[in-house]
Amino acid sequence: MYKSLQRILAVSAALFALAPAAPAQAEAPMVKTQVPGYYRTMVGQFEVTALYDGAIELDTKLLKNAEPEDLNRMLARNFVGNPKMQTAVNAYLINTGGNLILVDAGAAKLFGPTLGFVLDNLKAAGYDPAQVDTVILTHMHPDHIGGLGDPAAPPAFPNANVYVSVLDNDFWLSQQAAAAAKPEMQDFFRMAREVAAPYQARGKWRTFADGTEIAAGVRAVKAYGHTPGHSAISVESSGQKLLIWGDIVHSHAVQFALPGVSIEFDFDQNQAIATRRSLMYSLAASKTLVAGMHLPFPGIGRVRADGKGVYAWVPIEYSPLPKPAQ
């Protein structure tokens with residue numbers, strides 16, 4: 001019995017060896033592309049679409065008022081690169097039903113190939129740049145205004161009025177302020193003048209004061225410090241609120257836990273710190289929804305108090321939109 005079983009197994013093995021090999025299953029090629037960079041949410045009756053312009057690496061040496069050990073600990077705790085930390089650049093599209101409003105326009109290619117995708121993602125989100133009737137700038141740094149268009153070409157948003165704080169307008173478009181600026185800042189002034197010029201020529205460049213309601217439910221809020229007229233944008237509808245706070249935070253890994261840390265780009269370091277602390281305190285207390293241009297995409301979430309003067313970022317969870325009423 002045992003020998004018979006051995007002979008059967010031996011014959012089976014020989015037949016298997018003589019059988020033709022089965023063709024190898026081909027592996028699927030890698031796609032190596034990402035999904036379009038947009039995310040939609042509702043604020044009351046308003047549709048808000050986060051648009052990803054891209055990401056850039058900032059040197060951690062740009063962060064000021066931080067002890068090296070604290071800085072390294074916070075970056076490591078949040079798995080953020082050091083000395084180069086990735087920083088997103090976001091913009092936000094608000095459809096109020098009466099207006100299509102873009103808050104900031106991204107960098108275009110002013111800072112290299114990893115930025116400049118606001119227009120692509122706006123189109124992927126189902127909109128045409130010609131439908132945008134209002135652009136609001138939180139401030140006039142190049143990574144927020146570059147996407148308005150190449151000065152040698154027609155405006156990227158041909159039907160839009162562009163709104164900027166009167167304080168930022170008077171500073172960044174001032175030849176006197178440009179002449180007095182540090183050499184490394186000269187390009188910032190030049191870019192601001194070049195980007196504004198086509199809209200000025202068409203009579204579509206406007207200024208606002210603190211507290212101005214630019215459109216129904218959309219209001220400018222003073223958030224000075226990062227630039228002379230840096231502004232947050234309050235969006236309110238049906239009892240719900242979103243505060244688009246611009247550049248209050250550049251490093252989520254550091255500046256929530258250590259809001260006293262500023263960045264080299266802050267025009268007035270002390271005022272920028274005071275504004276950040278004040279906003280974080282009030283937003284943590286009110287649990288107001290927040291959006292930020294340099295928070296990890298889509299950059300929407302809430303501020304949580306984690307102790308006296310210490311905060312944490314709580315991003316929203318992915319959520320489908322409610323189905324339209326039939």
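1. A residue is called exposed here when its relative accessible area is over 50%, and buried when that area is under 20%. With that in hand, a friendly reminder that the model is predicted. On helix H2, Glu69, Ala76 and Arg77 are exposed.

2. Now for the other side of H2, which spans residues 68–77 and has Leu71, Met74 and Leu75 as its buried residues. Viewed down the axis of H2, these buried residues fall within an arc of 95 degrees, so they line one face of the helix. An α-helix has 3.6 residues a turn, so residues three or four places apart point the same way. The cover over the buried residues of H2 includes strand E3 (63–64), strand E4 and helix H8 (252–255). After H2 comes Phe79, with a positive phi near 55 degrees.

3. You will probably want to look at the largest pocket next. About 650 Å³ of space lies in this pocket, and 27 residues line it. Nearest its centre are His141, Met185, Phe188, Glu264 and Phe265. Two strands, E2 (46–59) and E4 (84–95), each give two or more residues to the lining, as do helices H5 (166–172), H6 (175–180) and H7 (186–201). By class, the lining of the largest pocket has 15 nonpolar, 6 polar and 6 charged residues.

4. Phe188 deserves a second look, since it also takes part in an aromatic pair with Trp172. Which kind of pair do Trp172 and Phe188 form? The pair is tilted, with 35 degrees between the planes and 6.5 Å centre to centre. Trp172 belongs to helix H5 and Phe188 to helix H7, so the pair ties together parts that are 16 residues apart in sequence. Both partners are buried: Trp172 has a relative accessible area of 2%, and Phe188 has a relative accessibility of 14%. The count of aromatic pairs comes to 9, and one aromatic cluster is formed by Phe171, Trp172, Phe188, Phe189 and Phe267.

5. On enclosed space, the count is 2 cavities of 30 Å³ or more. The largest cavity has a volume of about 50 Å³. Its lining includes Tyr224, His226, His230, Asp247, Asp266 and Arg276. Sorted by class, the lining of the largest cavity comes to 4 nonpolar, 4 polar and 3 charged residues.

6. Tyr224, one of the residues lining the largest cavity, sits in the loop between strand E10 (218–222) and strand E11 (231–237). Is Tyr224 buried or exposed? At 16% relative accessibility, Tyr224 counts as buried, because the cut-off for buried is under 20%. Leaving aside residues up to four places away in sequence, Tyr224 touches Leu167, Asp210, Gly229, His230, Gln271, Ala272 and Thr275. Among these contacts, His230, Ala272 and Thr275 also line the largest cavity. Asp266, another residue of that lining, is 42 residues from Tyr224 along the chain, and their C-alpha atoms are separated by 9.8 Å.

7. Finally, the second largest cavity has a volume of about 30 Å³. Among its lining residues are Leu148, Asp150, Pro154, Pro155, Glu194 and Tyr199. How many residues of each class line the second largest cavity? The lining divides into 7 nonpolar, 1 polar and 2 charged residues.

Definitions and conventions
Residues are numbered from 1 along each chain as its sequence is written. This is a predicted model: local features need pLDDT of at least 70, side-chain atom pairs count only at pLDDT 80 or more; totals for chains, interfaces and linings use all residues. Side-chain values use heavy atoms; hydrogens and water are left out. On a 1 Å grid over the protein atoms alone, a cavity is a set of points where a 1.4 Å probe fits but cannot get out, and a pocket is an open set with protein on both sides within 12 Å along at least five of seven lines; lining residues have an atom within 4 Å of a point. Grid points are joined across faces, edges and corners, and a volume is the space filled by probe spheres set on the points. Helices (H or I, at least four residues) and strands (E, at least two) are DSSP runs, numbered from the N terminus. Ala, Val, Leu, Ile, Met, Phe, Trp, Tyr, Cys and Pro count as nonpolar, Asp, Glu, Lys and Arg as charged, and the others, Gly among them, as polar. Buried means under 20% relative accessible area, exposed over 50%, partly exposed in between (1.4 Å probe, protein chains only). The arc is that of the directions from the helix axis to the C-beta atoms. Contact means heavy atoms within 4.5 Å. Rings of Phe, Tyr and Trp (its six-membered ring) pair if their centres lie within 6.5 Å; planes under 30 degrees apart count as stacked, over 60 as edge-to-face and the rest as tilted.
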